Amino acid sequence: MSNNPNRNWQLMTLTSLFLGYVGYYICRSNLAVATPLLLDEETGLGITKIQIGTVASVGVMLYAFGKIINGYLADFLGGRQMFLTGMLCSILFSVFFGLAGGLTLFIVIWAGNRFVQSMGWVALVKTASRWFPVQWHATVMAILSLSFLFGDAFARVYLGSLIMLGEKYSSLSFMANWRTVFFVAAGTLTAIAVFVYFTLKSSPIDVGLEEPEANPLNVFGAEGNHAQRISIKEVLKPLVASPLFWLICVMNFSLTLVRETFNFWTPTFLNEVAQFDIGSAAVGSMLFPLVGGCSALLAGILSDRLRGRHGRVVLPSLILLVLSLTLLSTVDVTGKPYLALTLLSLVAFFLMAPYSFLSGVMAIDLGGKRGCSTVAGLVDSAGYLGAILSGHTVGMIAQYYGWKMAFGGLAGICCTAIIAGVIYWMIQEREMNLAQTLSEINPPEANDVTPG
């Protein structure tokens, strides 16, 4: 450990937030991993792709609604409290789902789980905004984005491996049961929550250290450097007047739809089209978040080197994402597992670079310490309103028209993100050039923080 106490606490905070959000994803990816088992006729549940898609879509709807409420609550109550509360509630709902049976209960319980899961990321953003200096924001948020990307990958390998053991050894057949998947996920998150409880602090002030300055270009100006509680009206007024805020919401609408589609349906797609067995499909699906994580990390480091000019990374990625989705919608991967994984990896690489920025570093830079979790919540809610289509609608298209049609539709929708990305790039470049010019005319004090 370093002799610098602030650096030590920053590393501990980064570790706690990272592991905590990995735990969140273990209790979110469990449904995607268990879906092929739920669809298996031998379970006797009689569940179809359209019905399980409905479970996912209602869950996404509650997740989007929860982002709006919990984003503001995290700014009002503080990050640590919200982070731990969401973990505890998600543990309980995962247990309830494992005990349930029937479509109605699945819908209600999964909706509840997704609502409390919406506490996690906004609380993480709030805590990070108070611990890390602005020149590290893109890199730190890229690292924390790995928590949901690698956490998703880990959950799929971890839970998928249990299924494979159950399929291979008759004495462990209970592991190939969909109920076991939910119970194991709940137990794992419980262990992680205990660790986070003892290691995570809301602010450097809690351990006698100073908080770093917020990005001076946030929409609240100088007031954005303070995390005091304010009314929802005071939080929203400068946000709705910001064109950058609306452009980020538009981009997130399209990209979250794509991400949630692949998060949920990849194991089923690999099982049905690429002809993996169920356990291997769950493990193979981890390649999507794994490749996406590498992309997010590279993009974060590059953006900090570009001094926070995020548009220079986002726009090229969006164009290449549309091209990758077009390939996946036109190339025949039936019975070709390696080709299927290659094309999925291309989509992941060009999707996660821009996606990881939207409710991460862009939210912190736009909202400062005062409103960053509200920004993250609203941006994410816009995204998950789009993602509602990822369950029922994508499942229906895949069932009646095939996966190629589903992926082609996603490519078309992402063209709107490209348009928003062009406008975002132009506005951000203009604002940062203006700030740089003003800084040269009126040089800041030596100890001021340069915008990231």
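**Exercise 1. Which residue forms a salt bridge with Glu260, and how far apart are the closest N and O atoms?**

Solution. Keep in mind as you work that this is a predicted model.

- Step 1: Look for the partner. Glu260 pairs with Arg259, and their closest N and O atoms are 3.8 Å apart.
- Step 2: Test this against the cut-off. A salt bridge needs a side-chain nitrogen of Lys or Arg within 4 Å of a carboxyl oxygen of Asp or Glu, and the 3.8 Å between Arg259 and Glu260 therefore passes.
- Step 3: Check the surroundings. Glu260 has a relative accessible area of 7% and is buried; Arg259 is buried too, at 2%.
- Step 4: Widen the view. Arg114 joins Arg259 and Glu260 in a network of salt bridges.

**Exercise 2. Find the residue that forms a salt bridge with Lys67, and work out which parts of the chain the pair ties together.**

Solution. Start from the Lys67 side chain.

- Step 1: The partner is Asp380, with the closest N and O atoms 2.7 Å apart.
- Step 2: Lys67 belongs to helix 2 and Asp380 to helix 13 (residues 361-387), so this salt bridge ties together parts that lie 313 residues apart in sequence.
- Step 3: Now the accessibility. Lys67 is buried at 0%, and Asp380 is buried at 3%.
- Step 4: For the wider tally, the protein has 6 salt bridges.

**Exercise 3. Decide for Arg312 and Glu429, which form a salt bridge, whether each is buried or partly exposed.**

Solution. Take the pair first, then each residue.

- Step 1: The closest N and O atoms of Arg312 and Glu429 are 2.8 Å apart. Arg312 sits in helix 11 and Glu429 in helix 15 (residues 403-441), so the pair links distant parts of the chain, 117 residues apart.
- Step 2: Buried means under 20% relative accessible area. Glu429, at 12%, is therefore buried.
- Step 3: Arg312 has 39% and is partly exposed, because that class runs between the 20% and 50% limits.
- Step 4: Look along helix 11 (residues 311-330). Its 20 residues reach 29 Å from first C-alpha to last, close to the 28 Å expected. Its buried residues include Val313, Leu318, Leu321 and Leu325.

**Exercise 4. Which residues does Ile50 touch, leaving out those up to four places away in sequence?**

Solution. Begin in helix 2 (residues 49-77), where Ile50 lies.

- Step 1: The residues touched are His392, Met396, Gln399 and Tyr400.
- Step 2: Compare positions along the chain. Ile50 and Thr393 are 343 residues apart, yet their C-alpha atoms are separated by 8.0 Å.
- Step 3: With a relative accessible area of 17%, Ile50 is buried.
- Step 4: Set this beside the whole protein. Among contacts between residues at least 6 apart in sequence, 84% join residues at least 24 apart.

**Exercise 5. Locate the nonpolar patch on the surface and say which helix gives the largest share.**

Solution. Turn to the outside of the model.

- Step 1: The patch consists of Leu88, Leu92, Phe96, Leu99 and Phe183, with about 500 Å² of accessible area together.
- Step 2: Helix 3 (residues 79-99) supplies the largest share, 4 residues.
- Step 3: Phe96 is found in helix 3 and is partly exposed at 42%. Patch residues need over 30%, so Phe96 meets that limit.
- Step 4: For scale, the protein has about 17,500 Å² of accessible surface, 67% of it belonging to carbon and sulfur atoms.

Definitions and conventions. Residues are numbered from 1 along each chain as its sequence is written. This is a predicted model: local features need pLDDT of at least 70, side-chain atom pairs count only at pLDDT 80 or more; totals for chains, interfaces and linings use all residues. Side-chain values use heavy atoms; hydrogens and water are left out. Patches are made of residues with over 30% relative accessible area and no salt bridge: like charges are joined within 9 Å, nonpolar side chains (Val, Leu, Ile, Met, Phe, Trp, Tyr) within 5 Å. Accessible areas come from the Shrake-Rupley method with a 1.4 Å probe; for residues, only the protein chains shown count as cover. Helices (H or I, at least four residues) and strands (E, at least two) are DSSP runs, numbered from the N terminus. Buried means under 20% relative accessible area, exposed over 50%, partly exposed in between (1.4 Å probe, protein chains only). The expected span of a helix is 1.5 Å times one less than its number of residues. Contact means heavy atoms within 4.5 Å.
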